[in-house]
Amino acid sequence: MAASGTLACDDVAAVGTLAARLAPHLKAGDAVLFEGPIGVGKTHLIRALVTNLESADAVTSPTYTIMHVYETGPGQVLHLDAYRLSGVDEYRDLGIEDLAPEAITLVEWGDQVAAAHPEHLHVRISHVPADEGARTVTLTAVGARWDAVVAELAG
């Protein structure tokens, strides 16, 4: 069974704190797949991660460009948006299998291309109906690599 945990983020600052806690665990070859409705904060969380990975690059949504590459302290970060892709085959056509082993891969709408990353951290961000600024973040380890990370972050 995959390790899983849910965190309550009362506001944007709490999402940034989660990013600061996750960033030190990331290394080349890792994939983190983000899921959640439009406007929930996927790009915001990725922006905070990239900042915590010691990059000064401006992080924006790659909805129309599909992929942005950022230079960070631990190496390159690939920031992808799979929303407009038809599936895993089109995703692989981007050359991800060649690029991902040498970079940290962060994918918005990642549930659509999860088959390309048999081992990944799945991050589901949800709105909290009673509080417009609050979010619920569910972390799920897909593969043993992420079990300890999920246990630490959600524990």
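## Leu49 and its surroundings

Leaving aside neighbours within four places in sequence, Leu49 touches six residues by the contact criterion: Ala19, Leu22, Ala23, Leu26, Phe34 and Leu106. The model is predicted. Leu49 sits in helix α2, which covers residues 42-52. Is Leu49 buried or exposed? Its relative accessible area is 0%. Buried means under 20%, so Leu49 counts as buried.

Sequence distance and space distance tell two stories here. Leu49 and Ala20 are 29 residues apart in sequence. In space, their C-alpha atoms are 6.6 Å apart.

Now the whole chain. The protein chain has five helices and seven strands. From the N terminus on, these elements run β-α-β-α-β-β-α-α-β-β-β-α. The radius of gyration is 14 Å, close to the 15 Å from the globule rule for 155 residues, so the chain is as compact as a globular protein of that length.

Some values for the protein chain follow.

| Property of the protein chain | Value |
|---|---|
| C-alpha trace along its principal axes | about 40 × 30 × 30 Å |
| Residues that count as buried | 45% of 155 residues |
| Exposed area | about 7,400 Å² |
| Share of exposed area from carbon and sulfur atoms | 53% |

How much of the contact count comes from residues 24 or more positions apart? Among contacts with a separation of 6 or more, such residues account for 63%.

Charges come last. The protein chain has 9 positive and 21 negative charges. Their mean positions are 3 Å apart.

How values were computed:
Residues are numbered from 1 along each chain as its sequence is written. This is a predicted model: local features need pLDDT of at least 70, side-chain atom pairs count only at pLDDT 80 or more; totals for chains, interfaces and linings use all residues. Side-chain values use heavy atoms; hydrogens and water are left out. Helices (H or I, at least four residues) and strands (E, at least two) are DSSP runs, numbered from the N terminus. Buried means under 20% relative accessible area, exposed over 50%, partly exposed in between (1.4 Å probe, protein chains only). Contact means heavy atoms within 4.5 Å. The radius of gyration is taken over C-alpha atoms; the globule rule is 2.2 Å times the number of residues to the power 0.38. Accessible areas come from the Shrake-Rupley method with a 1.4 Å probe; for residues, only the protein chains shown count as cover. Lys and Arg count as positive and Asp and Glu as negative; His and the chain ends are not counted. The place of a charge is taken as NZ of Lys, CZ of Arg, CG of Asp or CD of Glu.
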